[in-house]
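Dear colleague,

I am passing on to you the structure that follows, together with an account of what was found in it. Please read the notes with the model open beside them.

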Protein chains: 2
Amino acid sequence: MEEVLVSEGRALKHVQVREYVRSLVSGAAPGSPAPSERELVHRFGVARMTVRQAMDALVVEGLLERIPGRGTFVARPRRAASRLTCFTEEMARRGMLAESQTLLARREQAGPGVARALALTEGDAVIHWKRLRRADGVPMCIEDAYLNEVLIPGFLQSGMPTSLYDALGQRGLRPTWAEDSINADVANEEEARHLEVEAGAPVLRHSRRALVGEKVVEVSRSVYRADRFTLWVQLGQEG
Amino acid sequence: MEEVLVSEGRALKHVQVREYVRSLVSGAAPGSPAPSERELVHRFGVARMTVRQAMDALVVEGLLERIPGRGTFVARPRRAASRLTCFTEEMARRGMLAESQTLLARREQAGPGVARALALTEGDAVIHWKRLRRADGVPMCIEDAYLNEVLIPGFLQSGMPTSLYDALGQRGLRPTWAEDSINADVANEEEARHLEVEAGAPVLRHSRRALVGEKVVEVSRSVYRADRFTLWVQLGQEG
DNA sequence: CAGTGGTCTAGACCACAGT
DNA sequence: CTGTGGTCTAGACCACTGG
């Protein structure tokens, strides 16, 4: 929760120590030793509690692991639940090149369904963006998204990005939460034409409601070619 | 990581403070104030850093929230990612009654694929359990599961449970991690017969590899009627 | 203004690892 | 044995909040 900021002001000591240690161990192999607390006390001329505050943050973060009597070490990366990604990022993760062909991109007034999903009032401005998505040149999915216009003024004019979540992130609006539903269906005529399959071919239908904090930034429906796409989810017990 | 234990020994002070505060706020409404740090200092006769250590743990845990200049308050429950559930639990969550018809339940020797998935050696003993699952009487899915026999000796003899994860939990083996894959397909003849749909009807295919710690306890493939079942997933940014 | 949490100091003793 | 992290003390000053 505590953050950097204050571009000119002096940095807090525990932040200095924390970032120093982070830079030391970034890229280090799991199991590598981090500096001992007392060594950092001498190097920075601070109290040990200050060093511990710095190290605590990195331990909670999962970067370091303490072993009493031995020292502090780089933790092996904890199993990570599925990252919240958009199509572009997901394809990149799979080593594929994502391309995008915009079928529709305009400002609209929210209808009742979209307004409810975006937690807006009917008639509020939304951005409607429909794209055909390819991976390594092969049609993969049709994505039909609505964005809350109030949160991203000038989005349509700013040149449409490739990676939606990356673009949102640059505005501090990268989704932190998503509610997805997934089911199976068969392609209708229009979908089949775009996806270059036979009508009636199996498809995966994916709906998403993406939030940043309490604000809904995106709702979308996507239809994926089942012969080209399998969804992967990794779930942990906690949150 | 620090834990209670030492049934006879004296409890650590920060643990005493932590558990005192936890008991105070358990059941309290979000936004209710917790005792101030200095109040706890006086009540327990400890240093403020000790109190802060206790409170820090509860803040990291998500139970408390600090507001500088105001105080410490009961946090509203953070959004929870999808719980790791089995069919029985998932149907219960939807307010439906899960029933189960065993199609096959026996001890087998692991074939190459199952052995790899369960992190065993080919020929190791596994439990093969195939069931037709109904919700409110309607066929919903066919689940074909393999369990690591070594981890659950006598499972077949102990009377098959309704909720697999509940039964595993009673042996301390409730999965804490799952790797799922989901895609769309059409039902083959046998599946269609069991699910009481036409062959070629859309279905959702769901594979799971469920672990507790580092041990793989279950691998399964399920096929769901797409007209009766939609998968829901809630994802957070972190883990 | 008084009260809160945020940061920080300069020590201390303990249990435990490894040599 | 030395060095490590785990715990704890008794203060201090700060920025911020609310009345």
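In the surface near DNA strand D, the largest share, four residues, is supplied by α3(B). Please keep in mind throughout that this is a predicted model. The residues around DNA strand D number 26, and those that come nearest are A:Arg38, A:Arg48, B:Lys13, B:Ala47 and B:Thr50. Sorted by class, the surface near this strand has seven nonpolar, nine polar and ten charged residues. On the DNA side, 63% of the atoms of DNA strand D within 4 Å of the protein belong to sugar or phosphate, while the rest belong to bases.

Several side chains of chain A can be followed to the phosphates of DNA strand D. In A:Arg66, an N or O atom of the side chain is 3.0 Å from a phosphate oxygen of the strand, and in A:Ser36 the corresponding distance from a side-chain N or O atom to a phosphate oxygen is 3.2 Å. A polar side-chain atom of A:Thr72 likewise lies 2.9 Å from a phosphate oxygen of DNA strand D. The elements that give two or more residues to this surface are α2 (37–44), α3, β1 (64–67) and β2 (71–74) from chain A, and α1 (13–25) and α3 from chain B.

Turning to DNA strand C, there are 26 residues around it, of which A:Lys13, A:Ala47, A:Thr50, B:Arg38 and B:Thr72 come nearest. Here α3(A) provides the largest share of the surface, four residues. At least two residues each are supplied by α1 (13–25) and α3 (48–61) of chain A, and by α2 (37–44), α3 (48–61), β1 (64–67) and β2 (71–74) of chain B. By class, the surface near DNA strand C has eight nonpolar, nine polar and nine charged residues. Of the atoms of this strand within 4 Å of the protein, 63% are part of sugar or phosphate, and the rest are part of bases.

Both chains also place polar side-chain atoms by DNA strand C. A polar side-chain atom of A:His14 lies 2.9 Å from a phosphate oxygen of the strand, and an N or O atom in the side chain of B:Arg66 is 3.0 Å from a phosphate oxygen. For B:Arg38, the partner is a base nitrogen of DNA strand C, which lies 2.8 Å from a polar atom of the side chain.

How are the two protein chains placed with respect to each other? A turn of 178° with a shift of 0.4 Å along the axis lays chain A on chain B with an RMSD of 1.6 Å, which is the relation of a two-fold axis. In chain A, the C-alpha nearest this axis belongs to A:Ala184, at 2.5 Å from it. The same surface serves both copies, in that 100% of the contact residues of chain A recur in chain B.

The chains also share their sheets. One open sheet of seven strands, with antiparallel pairing, runs in the order β9(A)-β6(B)-β7(B)-β8(B)-β5(B)-β4(B)-β3(B). Its edges are β9 (231–236) of chain A and β3 (98–109) of chain B, each of which has a single partner strand, so that one side of each is left without a neighbour in the sheet. From one strand to the next, the twist of this sheet averages 15°. Where the chains meet within it, β9(A) pairs in the antiparallel sense with β6 (residues 177–186) of chain B over six bridges, and A:Leu231 stands opposite B:Ile182 in β6(B).

Another open sheet of seven strands has the order β3(A)-β4(A)-β5(A)-β8(A)-β7(A)-β6(A)-β9(B), again with antiparallel pairing. The edge strands here are β3 (98–109) of chain A and β9 (231–236) of chain B, each of which pairs on one side only, and the twist averages 15° from one strand to the next. Within chain A, strand β4 (residues 125–135) and strand β5 (residues 138–148) pair in the antiparallel sense over ten bridges, with A:Leu132 standing opposite A:Ile142 in β5(A).

With best regards

How values were computed
Residues are numbered from 1 along each chain as its sequence is written. Chains are lettered from A and ligands numbered from 1 in the order in which they are written. This is a predicted model: local features need pLDDT of at least 70, side-chain atom pairs count only at pLDDT 80 or more; totals for chains, interfaces and linings use all residues. Side-chain values use heavy atoms; hydrogens and water are left out. A residue is near a molecule or strand if one of its heavy atoms lies within 4 Å of it. A polar contact is a pair of N or O atoms within 3.5 Å; within protein, one must be able to donate a hydrogen and the other to accept it, and residues adjacent in sequence count only if both atoms are side-chain atoms. Ala, Val, Leu, Ile, Met, Phe, Trp, Tyr, Cys and Pro count as nonpolar, Asp, Glu, Lys and Arg as charged, and the others, Gly among them, as polar. Copies are superposed by least squares on the C-alpha atoms of residues with pLDDT of at least 70 in both. Contact means heavy atoms within 4.5 Å. Two strands pair if DSSP finds at least two bridges between them. Axes are lines fitted to C-alpha atoms, for helices over the stretch in contact, and angles run from 0 to 180 degrees between N-to-C directions.
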